[in-house]
Amino acid sequence: TDVIFAGPGVVAPSLRAETMTAQLVRPDAEAIEIDVENGLFAFPEGRVRFNVAAVSLDRTVLADIEGTWNPEDPGFGITARGRAVAVNFADIRSFAPERIPEEGTASFRWEVRPLPPNRTAVVLSDLTARSGGSRVTGALTVNLAPQSFELRAADLLLDPLQLSLVEDMLG
């Protein structure tokens, strides 16, 4: 682990870590421990720039993550992209849409960006998800805001599809 605060040619303080454990802290929710591999974090002018090879949460693995957190941006203030190599639905229950199946897996490319006034756009592409005997492939775009979830676009193929999955998701 290297921490650089100042020196010749240093534009912003930075932290480079081969491995580290961090906590994802969210308002009104339990903190979640995540493991980070090969991360570079720079702290220019009140922002955080990050480039991380892998993040894991239980059985869920994200990779090739790069982006910026800026508290002055709307929504969560995050502009980022990466790959979800293996997402286990049970691992993400506390911050996934309410109707996502309790059991299942997915992989996809993802991108998030702030939207005014207080929303965040989430784009999933190259999606492959499985739950029970159902399989979903394609792309999806949603807007998130505190206490809201808005579907903006969906280009999905459901094959095969079990009726029980539809019933669970629609309530």
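**Close-up views of a predicted ten-strand model**

**View 1. Contacts and overall composition of the protein chain.** In the protein chain, 32% of the contacts with a separation of 6 or more join residues that are 24 or more positions apart. The structure shown is a predicted model. Its secondary structure comprises one helix and 10 strands, and the elements follow one another from the N terminus as β-β-β-β-β-β-β-β-β-β-α. The C-alpha trace spans about 60 × 35 × 30 Å along its principal axes. Of the 171 residues in the protein chain, 32% are buried. The accessible surface of the protein chain amounts to about 10900 Å², and carbon and sulfur atoms contribute 53% of that area.

**View 2. The open antiparallel sheet.** The sheet is built from 10 strands in the order β1-β2-β3-β4-β5-β6-β7-β8-β9-β10, with antiparallel pairing. Strands β1 (2-4) and β10 form its edges, each pairing on one side only. On average, neighbouring strands of the sheet are turned by 20 degrees against each other, direction ignored.

**View 3. Pairing of strands β6 and β7.** Residues 78-88 make up strand β6, and residues 105-115 make up strand β7. The two strands pair in the antiparallel sense over seven bridges. Within this view, glycine 82 stands opposite tryptophan 110 of β7.

**View 4. The surroundings of alanine 54 in strand β4.** Strand β4 covers residues 48-57 and includes alanine 54. Alanine 54 counts as buried because its relative accessibility is 16%, and buried means under 20%. Once its neighbours within four places in sequence are set aside, alanine 54 is in contact with Asp35, Val36, Glu37, Leu62 and Ala63. For one of these partners, aspartate 35, the separation from alanine 54 is 19 residues in sequence and 8.2 Å in space, taken from C-alpha to C-alpha.

**View 5. Leucine 156 and a nonpolar surface patch.** Leucine 156 belongs to strand β10, which runs over residues 148-158. This strand is one of the edge strands of the sheet. Leucine 156 has a relative accessibility of 36% and therefore counts as partly exposed, a class that lies between the limits of 20% and 50%. Together with Leu158 and Leu161, Leu156 makes a nonpolar surface patch of about 240 Å².

Technical notes
Residues are numbered from 1 along each chain as its sequence is written. This is a predicted model: local features need pLDDT of at least 70, side-chain atom pairs count only at pLDDT 80 or more; totals for chains, interfaces and linings use all residues. Side-chain values use heavy atoms; hydrogens and water are left out. Helices (H or I, at least four residues) and strands (E, at least two) are DSSP runs, numbered from the N terminus. Buried means under 20% relative accessible area, exposed over 50%, partly exposed in between (1.4 Å probe, protein chains only). Contact means heavy atoms within 4.5 Å. Patches are made of residues with over 30% relative accessible area and no salt bridge: like charges are joined within 9 Å, nonpolar side chains (Val, Leu, Ile, Met, Phe, Trp, Tyr) within 5 Å. Accessible areas come from the Shrake-Rupley method with a 1.4 Å probe; for residues, only the protein chains shown count as cover. A salt bridge is a side-chain nitrogen of Lys or Arg within 4 Å of a carboxyl oxygen of Asp or Glu. Two strands pair if DSSP finds at least two bridges between them. Axes are lines fitted to C-alpha atoms, for helices over the stretch in contact, and angles run from 0 to 180 degrees between N-to-C directions.
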